[in-house]
Amino acid sequence: MEEKARIMDEKAIDRTLIRISHEIIEKNKGVEDLALVGIRRRGVPLARRLAKYISSIEGVEVPVGILDITLYRDDLSSLTLQPVVHKTEINFNIADKNIILVDDVIYTGRTIRAALDALADLGRAKSIQLAVLIDRGHRELPIRPDYVGKNVPTSNDEIVEVRLEEIDGENSVVILE
């Protein structure tokens, strides 16, 4: 696969996360009962960055959890015989919390469906909202994010790759072909 287009650089990602942070605060009328949950891999550093920006705006620390959805995926049997399951790390009670579920890219909606199932097993949240850095369309399920960094129309042959410093050593969003 080769890089077709670079659609966000580090500054664009930061500006976008700051904007989403403001939108989250505004929609929730502050940060009371708010918690962020990143979907493991790239949703986690994005959730941590959003929490940092929200904290700098509101002066309040917002809890961040890590959600592993491996066993909730509907394509698990086609992935591998021995899936690698990581730990879900949510050190707060999700009951009576407004949860902001965070992921890097929304595509078919199946990852989010799996995340909703995983969260439901942890308790009943007051509400669950979805924040994504990139919405590339092509939904197969009736799932729509509440907060979108950037809408990126793509073909099914293209791949949107979010690269984050914490995992990949750089901050960028590229389309691969």
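This is a short walk through two helices, the largest pocket and a handful of single residues in one structure. The model is predicted.

I will start with helix H2. H2 covers residues 43-58, which makes 16 residues. At 1.5 Å a residue, a helix of that length should span 22 Å, and the C-alpha atoms at the two ends of H2 are indeed 22 Å apart, so the expected and the modelled span agree.

Which residues of H2 are buried? Starting from the N-terminal end, they are Gly-43, Val-44, Pro-45, Leu-46 and Ala-47, then Arg-49, Leu-50 and Ala-51, and then Tyr-53, Ile-54 and Ser-55. The cover over these residues includes two helices, H1 at 10-27 and H5 at 165-168, together with strands E2, E3, E4 and E5.

Ser-56 also belongs to H2, but Ser-56 is exposed, with a relative accessible area of 60%. The cut-off for exposed is over 50%. From Ser-56 to Ile-18 there are 38 places in sequence, and their C-alpha atoms are 10 Å apart in space. After H2 comes Gly-59, with a positive phi near 75 degrees.

Next is helix H4, residues 110-120. Its buried residues are Ile-112, Ala-114, Ala-115, Ala-118 and Leu-119. Why do they line one face of the helix? Looking down the axis of H4, the buried residues fall within an arc of 160 degrees, so they line one face. The general background is that an α-helix has 3.6 residues a turn, so residues three or four places apart point the same way. Among the elements covering the buried residues of H4 are four strands: E2 at 34-39, E3 at 64-67, E4 at 98-106 and E5 at 127-135.

H4 comes up again at the largest pocket. That pocket holds about 710 Å³ of space. There are 29 residues in its lining, and the closest to the pocket centre are Arg-40, Arg-73, Asp-103, Asp-104 and Thr-111. Which element gives the largest share of the lining? H4 does, with five residues. E4, H4 and strand E7, residues 159-163, each supply at least two. Sorted by class, the lining has 13 charged, eleven nonpolar and five polar residues.

Now two residues with a backbone angle worth pointing out. As background, most residues other than glycine have a negative phi. Asp-33 is not a glycine, yet its phi is positive, about 65 degrees. Asp-33 sits in the loop between H1 and E2, and it is partly exposed at 29% relative accessible area. Asp-96 likewise has a positive phi of about 65 degrees without being a glycine. Its loop runs between helix H3, residues 76-79, and E4. Is Asp-96 buried or exposed? Asp-96 is exposed, with a relative accessible area of 55%.

The last part concerns residues that meet partners from elsewhere in the sequence. Pro-63 is found in the loop between H2 and E3. Its relative accessible area is 28%, which means partly exposed. Pro-63 and Leu-34 are separated by 29 residues in sequence, while their C-alpha atoms lie 7.6 Å apart. Setting aside neighbours within four places in sequence, Pro-63 is in contact with Leu-34, Ala-35, Leu-36 and Phe-92.

Ile-7 is in strand E1, residues 3-8. Ile-7 is partly exposed, with a relative accessible area of 23%. Lys-150 is 143 residues away from Ile-7 in sequence and 9.4 Å away in space, C-alpha to C-alpha. Not counting residues up to four places away, Ile-7 touches Ile-134, Lys-150, Val-152, Val-173, Val-174 and Ile-175.

Finally, Glu-158. Where does Glu-158 lie? It is in the loop between strand E6, residues 147-151, and E7. Buried means under 20% relative accessible area, and at 7% Glu-158 counts as buried. Glu-158 and Lys-4 are 154 residues apart in sequence, with 8.8 Å between their C-alpha atoms. Apart from neighbours within four places in sequence, the contacts of Glu-158 are Lys-4, Arg-136, Ile-175, Leu-176 and Glu-177. Ile-175 is thus a contact of Ile-7 and also of Glu-158.

Methods:
Residues are numbered from 1 along each chain as its sequence is written. This is a predicted model: local features need pLDDT of at least 70, side-chain atom pairs count only at pLDDT 80 or more; totals for chains, interfaces and linings use all residues. Side-chain values use heavy atoms; hydrogens and water are left out. Buried means under 20% relative accessible area, exposed over 50%, partly exposed in between (1.4 Å probe, protein chains only). The arc is that of the directions from the helix axis to the C-beta atoms. Contact means heavy atoms within 4.5 Å. The expected span of a helix is 1.5 Å times one less than its number of residues. On a 1 Å grid over the protein atoms alone, a cavity is a set of points where a 1.4 Å probe fits but cannot get out, and a pocket is an open set with protein on both sides within 12 Å along at least five of seven lines; lining residues have an atom within 4 Å of a point. Grid points are joined across faces, edges and corners, and a volume is the space filled by probe spheres set on the points. Ala, Val, Leu, Ile, Met, Phe, Trp, Tyr, Cys and Pro count as nonpolar, Asp, Glu, Lys and Arg as charged, and the others, Gly among them, as polar.
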